[in-house]
Amino acid sequence: MTQAPASSVAKAAPQVPPKPRTWPRTLGIVAVLAVLTALTATPALGGVEIDLGAIAKNWTNGADRIGKMLTPDLSVLPRTWQPLLETLQMAVVGAAISAALAIPLSLWAARPTNPNAPFRAAVRFVLNVIRAVPDLVYATILVAMVGVGALPGVITLVLFDIGIVVKLVSEAIDSADAAYMEAGRAAGGTQSQINRLTALPQTWPAYVSQVMYSLELNVRISAILGLVGAGGIGRLIDEMRGFYRYDALSTIVLEILIVVVLIELASNVLRKRLR
Amino acid sequence: MTALAVRAPAAPPKPRRLAVKVASWTVAAVVLGAFAGLDIDWEELRELPGDLVHYGTLMFSDPDWSMLPEALLQTWRSVSMAWLGALLGVVLSTLLGIPAAEGVGPLWLRLPLRGLFAVIRAVPEVVIAIIILTVTGLTPFTGALALAIGGIGTHAKWTYETIESAPGGVVEAVRASGGGLSETVRWGLWPVVSPELASLALYRFEINVRTSAILGLIGVGGIGDMLTTYTQHRQWDTVGVLIIVVIVVTMSIDAISGAIRRRIMEGAKARGVERSS
């Protein structure tokens, strides 16, 4: 990669090291990418059929809808307050429950705060499994289990939030300054004392910013949770889609955008105060 | 400040944490209000563990493994959507993201591009897919396109942020030794940012694998489609197989892709070495 210009006129013509042979590796990488792309684009093998003809033929349909969405119909606003409030409540409740659960889980999942390796591995494995399931899959199954409403939505948000908050906070603990924890241990503290007095105070900023981030994600996600009947403003999106009211749909999307931006601003203020 | 310290070594006054108190009470009030306002019968939560055990047994005690080949085929379709969506999305994001970086594109080009990314970020992938399916129908191709276009919002942002955070010294050095624009990009910028861009591209693929399962819900095919169908028909033994497949495939792809990303970012020699700070 590094093609340093040969230092031209040195005294005794120093031996220029041979150029590293990178082309076989580059060729290998390109070949793997090309093969994967070819395989995924082969319908006979279950891949995706790339149908450019359809785009050429029907692109006006899409343009039509985008055009409709660009002229938001604000008359739908009064109907959105109630679902929007429900969305916000779900987002706050989901973030609060997961924030409470995330404290012990993060401490269990990080190396310095949980020296018990098998237990730590078990916690991490369970969290990886929780993270591997997409949010809407939880929602679909939970709606089938406990019925339509806000409850399956809140449980989905809690599961989703725990996945990200615990991962990032436990990584923050892993990379936190170990000297404090060593000092705590040297002073004869028990593991739980060390965790409470040295590990937690160091990770509060990371923790709060992750919880705020999860709140923001919750608002975004609950826009689609309603599609499967898990409550919130997504229910309205689904309804508007059913009636082809794309102008109203974009109003709702705008509303979500504004809420998300407001939460982002609030979390920036909070983060600055915590430093 | 120092003058005070000399005179009276009295204990400093207790910090007035009024703002903190007000803030924490506000947060508590908001959380409690949200709990109270939600139309949830919290009594139902008591039945939840029982429900979970009940449905868990239905799903995982005797999974219908005869559905496995079909499940794997649909998973491959989802992964195909994710891959093509990531590929197309990354190419588009790179093309659009580079001119949006400060120091590369002019302001009149940067602002509208960044606005476009922000708008795309605001629209959920499902809504994008709803628009696209009027063009290409309920096909996996729609899913791939929705992932590609939906990905531009975040990925182009990462691209220009990566370029902006690249250390300027190398670029300056190339420019100082007489390099033009193309030389600056090729030798000054590309070697610095390409590892991170490659890593982000793989990360985009990981995200798309999850999102493609979600897009299945609106019927574009793949594992999400199959999962919705069987959940609605309450064929729990098949749903169990599907969940196992989703978890195993997602975790394997994450592991492989994560290993490659670490290799890209830290180089061959860093392998097996504890990251220091």
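Tyr55(B) is partly exposed, because 19 other C-beta atoms lie within 10 Å of its own, and this residue of a predicted model offers a convenient place to start. Tyr55(B) sits in helix α3 of chain B, which covers residues 44–60. Once its neighbours within four places in sequence are left aside, Tyr55(B) is in contact with Met145(A) and with Trp236(B). Ile120(B), by contrast, is 65 residues away from Tyr55(B) along the chain, and the C-alpha atoms of these two residues are separated by 38 Å.

From this residue the view can be widened to the whole of chain B. The chain contains 11 helices and zero strands, and reading along the sequence therefore gives the pattern α-α-α-α-α-α-α-α-α-α-α. Its C-alpha atoms fill a box of roughly 75 × 65 × 45 Å when the box is taken along the principal axes. The radius of gyration of chain B is 26 Å, whereas a compact globule of 277 residues would have a value near 19 Å. Of those 277 residues, 36% count as buried. If one considers the contacts in chain B between residues at least 6 apart in sequence, 74% of them join residues that are at least 24 apart.

A record adds a layer of annotation to this chain. In an unreviewed entry, UniProt places the feature "transmembrane region" at residues 82–105, 126–152, 212–233 and 239–260 of chain B. Two of these spans can be followed in the model itself. Over residues 212–233 of chain B, the chain is 64% helix and 0% strand, with the end C-alpha atoms 21 Å apart. Over residues 239–260 of chain B, the chain is 100% helix and 0% strand, and here the end C-alpha atoms are 31 Å apart.

The next step is to see how two helices of chain B are arranged against each other. Two packed helices are described by the angle between their axes and by the distance between the axes. Helix α9 of chain B, residues 181–215, and helix α11 of chain B, residues 236–266, pack at an angle of about 175°, and their axes are 9 Å apart. Because angles over 145 degrees count as roughly antiparallel, α9(B) and α11(B) are roughly antiparallel to each other. On the side of α9(B), the residues that make the contact include Pro195(B), Ala198(B), Leu202(B), Phe205(B) and Arg210(B), while those on the side of α11(B) include Val246(B), Ile253(B), Asp254(B), Ile260(B) and Met265(B). By class, this contact of α9(B) with α11(B) has 12 nonpolar, three polar and four charged residues.

Just ahead of α11(B) in the sequence is a loop that deserves a closer look. Arg234(B) is found in the loop between α10 (223–232) and α11 of chain B, and its phi is positive, at about 55°, although Arg234(B) is not a glycine. Arg234(B) counts as exposed because it has 12 C-beta neighbours inside 10 Å.

Chain A can now be brought in through the surface that it shares with chain B. Here 50 residues of chain A are in contact with 51 residues of chain B. On the side of chain A that touches chain B, the elements that give two or more residues include α1 (23–40), α2 (52–69), α3 (77–109) and α10 (246–274) of chain A. Of the elements on this side, α2(A) gives the most, with eight residues. By class, the side of chain A that touches chain B has 34 nonpolar, 11 polar and five charged residues.

Chain A also carries an annotation from UniProt, whose unreviewed entry lists residues 84–267 of chain A for "domain: ABC transmembrane type-1". That span is 84% helix and 0% strand, and its end C-alpha atoms lie 20 Å apart.

Some individual places in chain A complete the tour. The buried residues of helix α9 of chain A, residues 234–242, are Gly234(A), Arg235(A), Leu236(A), Ile237(A) and Met240(A). Tyr244(A) follows α9(A) and has its place in the loop between α9 and α10 of chain A. The phi of Tyr244(A) is near 55°, a positive value in a residue other than glycine. Tyr244(A) counts as exposed because it has 11 C-beta neighbours inside 10 Å. Further along, Arg273(A) lies in helix α10 of chain A and counts as exposed, with 12 C-beta neighbours inside 10 Å. Arg273(A) and Arg185(A) are 88 residues apart along the chain, and their C-alpha atoms are separated by 30 Å.

How values were computed:
Residues are numbered from 1 along each chain as its sequence is written. Chains are lettered from A and ligands numbered from 1 in the order in which they are written. This is a predicted model: local features need pLDDT of at least 70, side-chain atom pairs count only at pLDDT 80 or more; totals for chains, interfaces and linings use all residues. Axes are lines fitted to C-alpha atoms, for helices over the stretch in contact, and angles run from 0 to 180 degrees between N-to-C directions. Helices (H or I, at least four residues) and strands (E, at least two) are DSSP runs, numbered from the N terminus. Angles under 35 degrees count as roughly parallel, over 145 as roughly antiparallel, 65 to 115 as roughly perpendicular and the rest as oblique. Two residues are in contact if their C-beta atoms, placed from the backbone, lie within 7 Å. Ala, Val, Leu, Ile, Met, Phe, Trp, Tyr, Cys and Pro count as nonpolar, Asp, Glu, Lys and Arg as charged, and the others, Gly among them, as polar. UniProt positions are given in the numbering used here, feature names are shortened, and annotations may be inferred rather than shown by experiment. The radius of gyration is taken over C-alpha atoms; the globule rule is 2.2 Å times the number of residues to the power 0.38. A residue is buried if 20 or more other C-beta atoms lie within 10 Å of its own, exposed if 12 or fewer, and partly exposed in between; C-beta atoms are placed from the backbone.
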